[in-house]
Amino acid sequence: MKTRRVTAGVASVLALSLGAAACGGGGDDNDGGGSGKKDAALNSIVNASSKKGGTVSYEHSDVPDSLDPGNTYYGWVQNFSRLYGRTLTTFKPAAGKDGLTVVPDLAESLGKSSPDAKTWTYKLRAGVKFQDGKPVTSKDVKYAVERSNFAPEALSNGPTYFKSYLEGGDKYKGPYKDKSADGIKSIETPDDRTIVFKLKQPFADFDYLATFSQTAPVPQAKDDGAKYVQHIVSSGPYQFQSYEEGRGATLVRNPQWDPKTDPNRKALPDKVTIKFKVNQVTIDNDLLSDKITGDAAGTGVAPQTQPKVLAGKNAGQTDSSYAGATQYIALNLKVAPFDNIHCRKAVQWGLDKQSVLDAMGGTPKGDVATTLLPPSVNGYTKFDTYATEGNKGNAAKAKAELKECGKPNGFKTILTARSDRPAEVAQATAVQASLKKIGINVEIKQFPAGKYFSNFAGVPSYVHANKLGMLSMAWGADWPTGYGFLDQVVNGAAIKPSGGNNLMELDDPKINKALTDAIANTDDAARTKAWGEIDKMVLDNASVVPVVYRKNLLLRPKSATNVTVTQAYLGMYDYLLMGSSK
Amino acid sequence: MTAPIETTGAEAGAQPEAVLSGVKKSQIEGRSLTQIAWMRFKRDKVAMAGGVVVILLTLLAVFSKPIQWIFNLDPNKFNQDLIDPALLAPKGGWGGMSWDHPLGVDPQYGRDMLARIIDGSWVSLLVAGGATLLSVCIGTVLGVVAGYYGGWVDSIISKLMDTFLAFPLLLFAISISASVQDGFFGLDGLSLRICVLIFVIGFFSWPYIGRIVRAQTMTLRKREFIEAATSLGARGPYVLFRELLPNLVAPILVYSTLIIPTNILFEAALSFLGVGIAPPQASWGGMLSNAVDLYTADPQYMFVPGLAIFITVLAFNLLGDGLRDALDPRSK
């Protein structure tokens, strides 16, 4: 029996090698390039069309956490759920930077704030109806926020920002436990078209929170907690014709949706289908052969497909979009020698970022990062505190910092990486080779991604005990502003005994205060400017080493129409706009 | 497999000289079991070839550092000017083959493949060899004891084997690897990783050999020579290690050569899960698992370590088959 196992092993190794050799030579004979140029969808709408009809079909390599707008944290579901759920506000379905603009959707206008940014009032549009013909009221919106934020026993997936910011949010037990007619007191519904949110602290980004799928109205009478996903009641242009858990769904037109109430949605296709658990390489091939319209995950093609599309004739069908995330290395301020700013600066100066990027897959996968905020976030300001020629590092400056740190011959430290993320391991390997040149000997330790924050890198006591000086980290904002990005990673309040995201354990009173002050500022321009300044303060502290602004290598098939990248949803295509010529 | 009455060379030499004239002395010399097996083995050209390759590989592994030094090879030196980062492949055909890099370079970093194959050989063979040794030692001792004593001893050990076989090995490997930290037994870094791998692979695969040894022992203990030994008053340990064990050498040896390749592949699987050898140290398994994602762009990257593992696995298999035929021809 054993022998057979071994023989099978031999056979499979040989088969793999030979198979690989055989596959490598094959090019693809697609006569592609028809739909626009490479990166055309970054700043324009490719294959613009106003023709109604057709079916848009998506595939996804995994399953969603839930398609229920009140029970999801996934960016692509936030984007996709706008087809069947209208939120108070949403991101403008438009190309380029315009896509980051918040526009009213279910509400008539953006939120009206009190001067202290603690009370936010929205007025709903008249004439919006659910798929069963009942009018959408402010109570349905209030109920949707209650169930999504305060009932982790039934709907545990979504973020809980409303719970954190609403007055009395820590006391209210959610609609399934608290059966009182009033619900949470800090959301008021004085009439059927008005909704008022009362916050416990000033929060000027509230219009961004209102874009979350959690504000899509849910009729209380139809809600049965986690099972609601089986029969979601639509308020948007499409409703569920079928839904199969873990398999997929089909959406058809919602006859009750009135285009006159909706300036944002063109709703061109007649039908939208989505299929889950399709192998990523299969999805890529389906896109290339024009079988489907989009890869719902929106995180780009599999590594195996990357060379095939970039070297082949399909290069014109690709878009390298900013994924809204920065890949960086956190230097822990409590682990020697990084308690000394000069040792931190030695890493900043010494790191060859270009080499790291090349190891991760080069320009299609990202750009060298010099700031913590990525370019696709409101508030990004371009600067480079530790500029070196060609981003290749400056050994002389690094060595000078090492001398000042009292370690002229370098030192030993540990760098963590998530073992199941090949790009992160590649990053770590390249960082290790690069820092070795200035005398910093880095040992790489790998941890499973699922436990990275809860048990290892996010646990300060573990980090200190094991002297994990350098921690690989990637962060994307929950909403695309400086605050949405920075608050969870550089605010001292984000240091937690476990599961924290502030891996540097950066607790600088000046940075904390700057964040609190800026989010209370209702002047949009001043607030946006502040994020860039806070970013500079973080870089001056030198505990964050930005490495790469991550990019997705997206592929658009020829039949896809109105294709454009939305920066607001992690650099995937805008699913409100997407149509199909088929 | 009974122990034949050995005709020693001394006895043969005692024959009258005259009778043997014209016949070469060695031809009628009595041969030991080992000699017979060796003769059979020598005749098996395929097995010999396997053995030679195994010896060469072992030499390569043992002297990998001096070899790298002599030929000035650096397995961890980046040559990113030789790669095309966007295509995830080296520039030029055949994985970037050139006179400077006869086996090409790896796609992300441009490190010399020849150097990495040589540097990876000792890690792969040490892990596979060490794990085999560990599992064979534990498996043999427990297997012999279970098979010989039977009864409740056997049921306890057999249940233990079942438990180990049912153990979710990969989960255990991941948790051990994450929980074992520097300073454990005074080890750190690479040596610690290697020890953890040897332990995890070896400690959890002993029941396979344990069961073979147990079954073999159960058939042997009813044989006359064991009865003879016990009736003469031989006690447990003597019977176990002086009477039974020598007769178990053949299956154990054969099994060991067959399990080594499995363990090399196992190391590859663990590297794939990130609990194997940490970068930048090369290991064949690690290279192969890296290559899985990139094989369409750079098939050579998978082909080279794949070929190395293939040759090793094949050589050990041929050697093992040859040994089995030589030691126990009836099992053919």
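How many bridges join strand 14 of chain A to strand 15 of chain A, and do these strands run parallel or antiparallel? Seven bridges connect the two strands, and their course is parallel. The model described here is predicted.

## Strand 14 and its partners

Strand 14 of chain A spans residues 412-418, and five of its seven residues are buried, so the strand is largely enclosed by the rest of the structure. Within the pairing with strand 15 of chain A, I414(A) has E443(A) as its bridge partner. Between these two strands the chain passes through helix 12 of chain A, forming a β-α-β crossover that is right-handed.

Strand 14 of chain A also pairs with strand 16 of chain A, which comprises residues 470-476; this pairing is parallel and rests on two bridges. Here T416(A) is placed opposite L471(A) of strand 16.

## The side of chain A that touches chain B

Contacts between the chains involve 45 residues of chain A and 43 residues of chain B. On the chain A side, the elements that supply two or more residues are helix 1 (2-24), helix 8 (305-311), helix 10 (353-360), helix 12 (422-436) and strand 15 (441-447). Helix 1 of chain A provides the largest share, with 14 residues. Classified by residue type, this side of chain A contains 23 nonpolar, 15 polar and seven charged residues.

## Elements shared by both descriptions

Helix 12 and strand 15 of chain A appear in both settings. Each gives two or more residues to the side that touches chain B, and both belong to the right-handed crossover that starts from strand 14 of chain A.

Definitions and conventions
Residues are numbered from 1 along each chain as its sequence is written. Chains are lettered from A and ligands numbered from 1 in the order in which they are written. This is a predicted model: local features need pLDDT of at least 70, side-chain atom pairs count only at pLDDT 80 or more; totals for chains, interfaces and linings use all residues. Two residues are in contact if their C-beta atoms, placed from the backbone, lie within 7 Å. Helices (H or I, at least four residues) and strands (E, at least two) are DSSP runs, numbered from the N terminus. Ala, Val, Leu, Ile, Met, Phe, Trp, Tyr, Cys and Pro count as nonpolar, Asp, Glu, Lys and Arg as charged, and the others, Gly among them, as polar. A residue is buried if 20 or more other C-beta atoms lie within 10 Å of its own, exposed if 12 or fewer, and partly exposed in between; C-beta atoms are placed from the backbone. Two strands pair if DSSP finds at least two bridges between them. A crossover is right-handed if, with the strands pointing away from the viewer, the path from the first strand over the helix to the second runs clockwise.
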